[in-house]
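The following note sets out points for a colleague who is examining this model. It moves from one helix to the chain as a whole, and then to individual residues.

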Amino acid sequence: MADNSKKGFTLIELLVVMAIIATLLTIAVPRYFRSVEKSKEAVLRQDLSQMRDAIDKYYGDNGKYPDSLENLVAKKYLRAIPPDPLTETAATWQPVPPSDPEQGSVFDVKSGAPGKGLDGTAYSEW
């Protein structure tokens, strides 16, 4: 008895499987990209906090603010200037000078990344 039926999937079965995969992807992909954005924002907040803490410690030890972010590294308050997670470079940090220019040059630091966070505030305001 010869079995001439070929084994495999029909076109309908393949289309159903592809439709199921497409449906799952439409649910998963937006959540993935949102979680990536949330993690970058969390890293940005942590980096800003660490640099601001280093600036405060520098001021406490020296009686004035650093002249640049590189001074924090040179004096061992930071191991390295962290890259901005949104721009992926350390060159975009925006130092904020103190009201009295004789007290140094870096009172605070802000992100130079364009755009707004998930909470609707601009990254440059953090």
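**Notes on the predicted model**

1. Burial along α1. The residues E41, L44, D47, L48, M51, A54, I55 and Y58 of α1 are buried. The model is a predicted one, and the remarks below should be read accordingly. An α-helix has 3.6 residues a turn, so residues three or four places apart point the same way. What covers the buried residues of α1 includes α2 (69-74) and β2 (108-110).

2. Dimensions of α1. The helix covers residues 11-62, 52 residues in total. Its first and last C-alpha atoms lie 75 Å apart, close to the 76 Å expected at 1.5 Å a residue. Within α1 there is a bend of about 25°, located at L25. The residue that follows α1 is G63, and its phi is positive, near 75°.

3. Composition of the chain. Two helices and two strands are present in the protein chain. Read from the N terminus, the order of these elements is α-α-β-β. The radius of gyration is 26 Å, well over the 14 Å that the globule rule gives for 126 residues, so the chain is more spread out than a compact globule. Along its principal axes, the C-alpha trace spans about 100 × 30 × 20 Å.

4. Burial, surface and contacts overall. Of the 126 residues in the protein chain, 23% are buried. The accessible surface of the chain amounts to about 9,000 Å², and carbon and sulfur atoms account for 58% of it. When contacts between residues at least 6 apart in sequence are considered, 49% of them join residues at least 24 apart.

5. The largest nonpolar core. Which residues have the most contacts inside the largest nonpolar core? They are L48, M51, L69, L72, W93 and V109, in a core of 17 residues. The elements that give two or more residues to this core are α1 and α2. The largest share, six residues, comes from α1.

6. The surroundings of W93. Leaving aside residues up to four places away in sequence, W93 touches L44, D47, L48, M51, L69, I81, P82, P83, D84, V109, K110 and S111. Among these contacts, L44, D47, L48 and M51 also appear in the list of buried residues of α1. L48, M51, L69 and V109, which W93 touches, are named with W93 among the core residues with the most contacts.

7. Two positions on α1 that are not buried. Q50 is found in helix α1. Its relative accessibility is 43%, which makes Q50 partly exposed because this class lies between the 20% limit for buried and the 50% limit for exposed. The C-alpha atoms of Q50 and Y77 are 9.8 Å apart, with the two positions 27 residues apart along the chain. L24 is likewise found in helix α1. With a relative accessible area of 54%, L24 is exposed, because it passes the 50% limit. L24 and Q103 are 79 residues apart along the chain, and their C-alpha atoms are separated by 57 Å.

8. Positive phi in the loop between α2 and β1. Which phi value does K76 have? The angle is near 70°, a positive value in a residue other than glycine. K76 is found in the loop between α2 and β1 (94-96), and it counts as exposed at 73% relative accessibility. E88 is found in the loop between α2 and β1 as well. Its phi is positive, about 65°, although E88 is not a glycine. At 62% relative accessibility, E88 counts as exposed. A reviewer may wish to look at the backbone of both K76 and E88.

9. A91 in the loop between α2 and β1. A91 is found in this loop. Is A91 buried or exposed? At 67% relative accessibility, A91 counts as exposed. A91 and G115 are 24 residues apart in sequence, and the distance from C-alpha to C-alpha is 17 Å.

Note on methods
Residues are numbered from 1 along each chain as its sequence is written. This is a predicted model: local features need pLDDT of at least 70, side-chain atom pairs count only at pLDDT 80 or more; totals for chains, interfaces and linings use all residues. Side-chain values use heavy atoms; hydrogens and water are left out. Helices (H or I, at least four residues) and strands (E, at least two) are DSSP runs, numbered from the N terminus. The expected span of a helix is 1.5 Å times one less than its number of residues. The bend at a residue is the angle between axes fitted to the seven residues ending there and the seven starting there. Buried means under 20% relative accessible area, exposed over 50%, partly exposed in between (1.4 Å probe, protein chains only). Contact means heavy atoms within 4.5 Å. The radius of gyration is taken over C-alpha atoms; the globule rule is 2.2 Å times the number of residues to the power 0.38. Accessible areas come from the Shrake-Rupley method with a 1.4 Å probe; for residues, only the protein chains shown count as cover. A nonpolar core is a set of buried Ala, Val, Leu, Ile, Met, Phe, Trp, Tyr and Cys residues joined through side-chain atoms within 4.5 Å.
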